[in-house]
Amino acid sequence: MRPVGSAEKSICFSFLLLHYESIRAVLLLPSFSSTLCVVCFLFLKIIGKEGAFIVRNSRQPGTYTVSVFTKALSNENNPVIKHYHIKETSDSPKKYYLAEKHVFDSVWELINYHQHNAAGLVTRLRYAVSSRREKAPVTAGLSYGKWQINPQELTFEQEIGVGQFGVVHLGYWLNQMKVAIKTIRPGAMSEEDFIEEAQVMMKLSHPKLVQLHGICMQHTPMCLVFEFMEYGCLSDYLRRQRGSFSKEDLLGMCQDVCEGMTYLEQASVIHRDLAARNCLVGEFHVVKVSDFGMSRYVLDDQYTSSMGTKFPVRWSAPEVFSYNRYSTKSDVWSFGVLMWETFSEGRLPYENKTNAEVVEEISAGARLYKPRLASNTIYKLMQCCWSEVSDVIGAAYFMRGDRHIRRSKAVLICS
C-alpha cells in the first residue's frame with residue numbers, strides 16, 4: 001500500500017480485499033481524528049444497514065479499527081456505531097484478533113471470518129462499505145432469469161400456516177405446479193435478510209431438503225416459493241397419525257432427516273433450529289428438512305450469535321443457552337431431540353417443565369427419558385447426541401449418525 005500524502009489526510013478511499021471474493025470494497029480512513037470519526041459515522045449512517053462496517057487506521061500508527069453500524073443496542077432513531085480495535089499477538093510472525101479465541105494470520109482473514117460469525121461482536125460484519133458512488137443492487141448475486149419469479153406467474157390459494165416472519169400459502173406456479181408460497185410480513189425481515197436467506201437456500205439442493213424454486217421481489221409482501229409438502233410439518237403429522245406408525249416407519253423418518261443434515265454438514269451449514277416442526281412431510285411420506293431462516297454458512301463449524309438472539313430452549317445444546325454458540329455439534333443435539341419427538345409421536349420435549357426448568361435440568365446433566373417406542377439401541381443413539389463430550393461421535397457427525405440409523409433399521413427389518 002502506498003503512503004498517504006499530506007494532501008490526502010482528510011479524504012476517504014477504498015481498497016479491495018482481493019484475496020477473498022466474499023469481501024467487497026472496504027473503506028479505509030487514512031488517519032484518526034474527531035473529523036474522521038464524524039465522517040465514519042456519516043458513511044455508516046447513510047448506508048443504514050445492520051452490520052455495515054469499515055476498516056480504518058487507529059489512533060496508534062500501524063494499527064486498525066473496525067467500526068460497525070448497529071441498531072441492536074438502541075432505538076430505531078438513535079443507531080450506534082461500535083468500534084473494535086484489531087489486536088495483535090506477541091508471536092512472531094504476529095497474528096490478529098478481535099476476540100481472543102479467534103486468531104488469524106492476517107487482517108483479511110479476520111474480516112472474512114467475522115463476516116460469517118459475530119463471535120463476540122454486536123453483529124456480524126455484514127456489509128462492507130465503499131466510498132464509491134456505484135451501489136450494487138440488493139439482488140446482486142441472484143441470477144434473475146433463474147431465480148426471480150414474476151408475481152403474475154403465481155396463484156395464491158388457501159393459507160396453510162403461519163411462521164415467524166409471515167404466512168405460508170398453498171398456491172400454483174404457472175397454473176401447473178403446486179407450491180408453498182412463504183410471504184414475508186412487512187417489517188418482520190429486512191430486504192437484505194430476505195436476500196441472505198434466499199441465497200443460502202439457492203446454494204443447497206438435496207432430496208431430503210425442501211427445495212426453493214425461486215423468489216418474488218416484485219410482489220408485496222416479498223415471498224419465497226418452495227416445493228409443496230402435502231402432509232405439513234412432521235410434529236403435526238406425528239400427532240395426527242399417532243398410534244399408526246411402526247418402529248421402522250419412525251426410524252425411516254429419522255433417517256430422512258439425518259440424510260438432509262449430513263448434506264448440510266458437508267456444505268458447512270449450521271441449521272440452528274432443527275426440530276420436528278421445521279421438517280415437512282411430502283409425497284410417499286418422505287421427510288425433508290426445512291426452515292433455514294436461522295441458518296449460517298460457517299468457516300470453522302461454529303457460529304457465535306450476536307447478543308439478544310432468541311433460541312428454542314427445548315431443542316438447544318447447553319453451549320447454546322449458556323454461550324449462544326452454535327455448531328454442527330449443537331445441530332446434532334437438536335437432532336437427538338427430534339428423534340425423541342419422532343419416537344414419542346409428536347410429544348413436546350420436557351412437556352411439564354418451564355423453559356427455565358429445562359435449562360436448569362440440562363445444565364445439571366438431566367436428559368429426556370426413553371420413549372416407549374424406542375429400542376435401547378435407538379435411545380443410546382439419542383444419548384450420544386446429547387453427550388457434552390466433544391468427540392463422542394467424532395468428525396462428520398451426521399454421516400456417522402446415518403450409518404448408526406441404517407444399522408438399527410436393518411436390525412428392525414430382520415427381527
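Colleague: What makes R239 and D236 a salt bridge?
Modeller: In this predicted model, the closest N and O atoms of R239 and D236 are 2.9 Å apart. The cut-off is within 4 Å, for a side-chain nitrogen of Lys or Arg and a carboxyl oxygen of Asp or Glu, so R239 and D236 count as a salt bridge.

Colleague: And how do you know that R239 and D236 are separated by about one helical turn?
Modeller: Both sit in helix α5 (residues 234-240), three residues apart, which is why the separation comes to about one helical turn.

Colleague: Are R239 and D236 buried or exposed, then?
Modeller: Neither label fits. Buried needs under 20% and exposed needs over 50%. R239 has 41% relative accessibility and D236 has 34%, so both are called partly exposed.

Colleague: What makes D105 and K95 a salt bridge?
Modeller: Their closest N and O atoms are 2.4 Å apart, and the limit is 4 Å, so the pair passes.

Colleague: Which parts does that D105 and K95 pair tie together?
Modeller: D105 is in the loop between β8 (103-104) and α2 (107-116), while K95 is in the loop between β6 (87-88) and β7 (96-97), so the bridge ties together parts 10 residues apart in sequence. K95 has 27% relative accessibility, which makes K95 partly exposed.

Colleague: Why do K353 and E361 get the salt-bridge label?
Modeller: Same kind of check: the closest N and O atoms of K353 and E361 are 3.0 Å apart, and the rule asks for within 4 Å, so the label holds. K353, at 32%, is partly exposed, and so is E361, at 28%.

Colleague: How many salt bridges turn up in the whole structure?
Modeller: The search finds eight. Among the linked residues are K208, D256 and E259, which form a network of salt bridges.

Colleague: Switching to empty space, how many cavities of 30 Å³ or more are there?
Modeller: The count is two, and the largest has a volume of about 70 Å³. Set against the 30 Å³ threshold, that volume qualifies.

Colleague: Which residues are closest to the centre of the largest cavity?
Modeller: R272, W315, S316, Y326 and S334, out of 13 residues in the lining. Helix α8 (residues 328-343) gives the most to that lining, with three residues.

Colleague: What makes up that lining by class?
Modeller: The lining has seven nonpolar, three polar and three charged residues. Trp and Tyr count as nonpolar, so W315 and Y326 go in that class. Arg counts as charged, so R272 goes there.

How values were computed. Residues are numbered from 1 along each chain as its sequence is written. This is a predicted model: local features need pLDDT of at least 70, side-chain atom pairs count only at pLDDT 80 or more; totals for chains, interfaces and linings use all residues. Side-chain values use heavy atoms; hydrogens and water are left out. Helices (H or I, at least four residues) and strands (E, at least two) are DSSP runs, numbered from the N terminus. Buried means under 20% relative accessible area, exposed over 50%, partly exposed in between (1.4 Å probe, protein chains only). On a 1 Å grid over the protein atoms alone, a cavity is a set of points where a 1.4 Å probe fits but cannot get out, and a pocket is an open set with protein on both sides within 12 Å along at least five of seven lines; lining residues have an atom within 4 Å of a point. Grid points are joined across faces, edges and corners, and a volume is the space filled by probe spheres set on the points.
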